Amino acid sequence: MKKTLLALAVLTAGSANAGINLYDANGVKVDLSGAAEVQYHHSYDKDANGNIRLDDGDLALNATVAISDNLNVVSGTAFKYESSDVTNDELWAGFNGDFGQLTFGRQYLVFDDVGIGMDYEAGIGLSQANKEVLDAATNFDNIAKYTYDNGMFYAGVSHKFDDSEKGAKDNSVTDGRLGFRVAGLDARVYYIDYSNEQIWNLEAEYALDAFVLAASYGQGEVDHFEGKATQLALAGSYTLDKTTFALGYNHITDDIQAHTANKVDFDNVYANVTQQLHSNVKVYAELGWLEANHHDYDYDLNYTAGLEVKF
């Protein structure tokens, strides 16, 4: 998928969480999961009209086959529904055990999980100002990925192999993540190296009873161009029974000369409320504001109302 916000202020993408067990016998376990999300949405674009939007549709099938007490063979396939298009965004196989999980095939890079944003549609990120040069794709056919998580410490690394035509520039991608959790604190750092750009993001979340506070700082640079893009993100939420209120702020400074001859500062604020009707069903509403200190940028109010169902 294309990470509209350079993946620094977005929710995690990918297949839905396993929800229905289809088979579990003789060392073989098969799970089916899915999600459907529909919104009424108006973007920041002044020329846009509010409309019904199919934001997310997923269907995933995962299998685990026990080879021994400490080794399993795992596989997964998932489909993503956008408008009238159906895309097979995951088709992978590999191994897991006490050592972690190693998978190969069509899947998402580790970097796809980056970001502390608590928005649905109104949070912005680095590529808001740099869609031509800092737009990070995270889904490819030829990825090898390793992840490890023991509860306190977690790590991951993935590599997209070069599949460029003969004589063309290497288009491989390598990324990684290191993190730890202790006493309500979850802190991690991400780094990704594309063929002509590098991005890193340091982020932390702290949970205290019904409150969650989060902050991150990230930076992106492009080879052969002066300047860089940076982002500071802050977010917080409070949950009362089944209702969650969230507020977030993003500040972006862009002076990559490939895109603009002048430094541009973006300020973004969003707020939303989510009602959990069922463990598998939620409704939400969100408002977002965006301003830039440059006359070429003019934005309208961003608003969204949505319904999400998972199984």
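Colleague: Among contacts in the chain between residues at least 6 apart in sequence, what share joins residues at least 24 apart?
Modeller: This is a predicted model, and what follows is computed from it. Take the contacts in the chain between residues at least 6 apart in sequence. Of these, the share that joins residues at least 24 apart is 52%.

Colleague: How many helices and how many strands are there in the chain?
Modeller: The chain has 311 residues, of which 42% are buried. As for secondary structure, the count of helices is zero, and the count of strands is 19.

Colleague: Is Thr-243 buried or exposed?
Modeller: Thr-243 lies in strand S16, which covers residues 243–254. Its relative accessible area is 17%. The limit for a buried residue is under 20%. Because 17% meets that limit, Thr-243 is buried.

Colleague: With which side chain does the side chain of Thr-243 make a polar contact?
Modeller: Leaving aside residues up to four places away in sequence, Thr-243 touches Tyr-238, Val-273, Thr-274 and Gln-275. The polar contact of its side chain has a distance of 2.4 Å, and the partner is the side chain of Gln-275.

Colleague: Which strands each supply at least two residues of the nonpolar patch?
Modeller: The patch is on the surface and has an area of about 740 Å². Its residues are Tyr-206, Leu-208, Phe-211, Leu-213, Tyr-238, Leu-240, Phe-245 and Val-273. The strands that each give at least two of the patch residues are S13 (197–208), S14 (211–222) and S15 (229–240).

Colleague: Is Phe-211 buried or partly exposed?
Modeller: Phe-211 is in strand S14 and belongs to the nonpolar surface patch. Its relative accessible area is 45%. Buried would need under 20%, and exposed would need over 50%. The value falls between these limits, so Phe-211 is partly exposed.

Colleague: From which strand does the largest share of the largest nonpolar core come?
Modeller: In soluble globular proteins, nonpolar side chains tend to be buried together. The largest nonpolar core here has 16 residues, and those with the most contacts inside it are Tyr-44, Met-118, Ile-124, Phe-266, Leu-290 and Tyr-299. S15, S16 and S17 (264–278) each supply at least two residues of this core. The largest share of it is three residues, and they come from S17.

Colleague: How many residues are in the second, separate core?
Modeller: This core is separate from the one just described. Val-114, Phe-140, Tyr-190 and Tyr-194 are included in it. Its residue count is 13.

Colleague: How many residues apart are Asp-56 and Lys-80?
Modeller: The structure holds 13 salt bridges, and one of them joins the side chains of Asp-56 and Lys-80, at 3.1 Å from N to O. The pair links distant parts of the chain, with Asp-56 in strand S4 (residues 51–68) and Lys-80 in strand S5 (residues 71–82). Both residues are buried. Their separation in sequence is 24 residues.

Colleague: Is Arg-181 buried or partly exposed?
Modeller: Arg-181 forms a salt bridge with Asp-186, with the closest N and O atoms 3.6 Å apart. Asp-186 counts as buried because its relative accessibility is 18%. Arg-181 has 28% relative accessibility, so it counts as partly exposed.

Colleague: Which residues do salt bridges that share partners join into one network?
Modeller: The side chains of Arg-188 and Glu-203 meet in a salt bridge of 2.7 Å, N to O. Arg-188 is in strand S12 (residues 185–193) and Glu-203 is in strand S13. Both Arg-188 and Glu-203 are buried. Through shared partners, the network joins Asp-149, Arg-181, Asp-186, Arg-188, Glu-203 and Glu-205.

Terms used:
Residues are numbered from 1 along each chain as its sequence is written. This is a predicted model: local features need pLDDT of at least 70, side-chain atom pairs count only at pLDDT 80 or more; totals for chains, interfaces and linings use all residues. Side-chain values use heavy atoms; hydrogens and water are left out. Helices (H or I, at least four residues) and strands (E, at least two) are DSSP runs, numbered from the N terminus. Buried means under 20% relative accessible area, exposed over 50%, partly exposed in between (1.4 Å probe, protein chains only). A polar contact is a pair of N or O atoms within 3.5 Å; within protein, one must be able to donate a hydrogen and the other to accept it, and residues adjacent in sequence count only if both atoms are side-chain atoms. Contact means heavy atoms within 4.5 Å. Patches are made of residues with over 30% relative accessible area and no salt bridge: like charges are joined within 9 Å, nonpolar side chains (Val, Leu, Ile, Met, Phe, Trp, Tyr) within 5 Å. Accessible areas come from the Shrake-Rupley method with a 1.4 Å probe; for residues, only the protein chains shown count as cover. A salt bridge is a side-chain nitrogen of Lys or Arg within 4 Å of a carboxyl oxygen of Asp or Glu. A nonpolar core is a set of buried Ala, Val, Leu, Ile, Met, Phe, Trp, Tyr and Cys residues joined through side-chain atoms within 4.5 Å.
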